[in-house]
Amino acid sequence: MGRSLVATYSIVACDLDAGQWGVAVQSKFLAVGSVVPWAEPHVGAVATQAWANPRYGSDGLTLLRMGKTADEAVAALTAADEGREHRQLGIVDGSGGAATFTGGECQDWAGGRTGDCYAAQGNILVSQETVDALAVTFESNAHLSLAERLIECLAAAQAAGGDRRGQQSAALLVVEQDAGYANLSDTVVDLRVDDHERPIPELQRLFALHHELFGVTPSEDWFDVDEALAAELRDRLSRLGYDGELDRAFSDWAGTANLEERIDGVERIDPVVLASLRKQSA
């Protein structure tokens, strides 16, 4: 099997306050999310691309887990790899240190830059403006969640020129210890657009759906279910074929709608859940 050219742009980053690490990537390459992004909570994140060496992902995380800094991990990985001049690599470590590497044989335009808690890199790009857009967008959106910041970075990079061969796939990976599904996983977001004419807008659509299904609304923003709202819930659930006791009907509907993570009885209701019920039963 020949080498796979993962010509792409990516950003690896972390939010130390939130305890999150992640990677966002776009490429004219099928299923880029299966090769480039790697991350582990409190350990770090890795993006491996160009003539990609997938072992940079697992081996990079191992080095970080052993206490190596991002710079030290990049140096160790590339020193041991005879194909390093064809590789591109970005790493953020568990302390927010960042490093990026672009081999001398990567196809133009190729390069990267680092900043506090991020490393941005790309190859076969229209220009350096793509990587600059990744960096500037990350730096200017600290008010957003890590996942939101990373998606904004991809959109800005594409607007700045992106991969000069075009678009095909994109991916977003964000990890946080025990913050994934049912608090039994470290994967907060793992979304992939494997083959699409406009992969970044499609990734944005999937992320919006992910947030609707698995996001968290602060408890103080939930609505109390009084008699009037309870009557509305019964009526809307009945229209959808869920009759009987309100608690059971509501739970059955939420499970079918994949909203079970957003419900907690029927005394109070998440406004996102109520909006979804109203939309489905309109």
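## Glu 202 and Arg 205

Glu 202 is buried in this predicted model, at a relative accessible area of 18%. That value falls in the buried class because the cut-off is under 20%. Its salt-bridge partner is Arg 205, and the closest N and O atoms of the two residues are 2.8 Å apart. Arg 205 has a relative accessible area of 46% and is partly exposed.

Both residues belong to helix H5, which covers residues 199-214. Because Glu 202 and Arg 205 are three residues apart there, about one helical turn separates them.

## Glu 232 and Arg 236

A salt bridge also links Glu 232 to Arg 236, with 2.8 Å between the closest N and O atoms. The pair is located in helix H6 (residues 227-239). The spacing is four residues, or about one turn of the helix. Arg 236 has a relative accessibility of 16% and therefore counts as buried.

## Arg 262 and Asp 270

For the salt bridge between Arg 262 and Asp 270, the closest N and O atoms are 2.6 Å apart. Arg 262 and Asp 270 are both buried.

## Network and total

Arg 113, Asp 132 and Glu 139 form one network, joined by salt bridges that share partners. How many salt bridges are found in the whole structure? The search returns 12, among them the pair Glu 202 and Arg 205, the pair Glu 232 and Arg 236, and the pair Arg 262 and Asp 270.

How values were computed
Residues are numbered from 1 along each chain as its sequence is written. This is a predicted model: local features need pLDDT of at least 70, side-chain atom pairs count only at pLDDT 80 or more; totals for chains, interfaces and linings use all residues. Side-chain values use heavy atoms; hydrogens and water are left out. A salt bridge is a side-chain nitrogen of Lys or Arg within 4 Å of a carboxyl oxygen of Asp or Glu. Helices (H or I, at least four residues) and strands (E, at least two) are DSSP runs, numbered from the N terminus. Buried means under 20% relative accessible area, exposed over 50%, partly exposed in between (1.4 Å probe, protein chains only).
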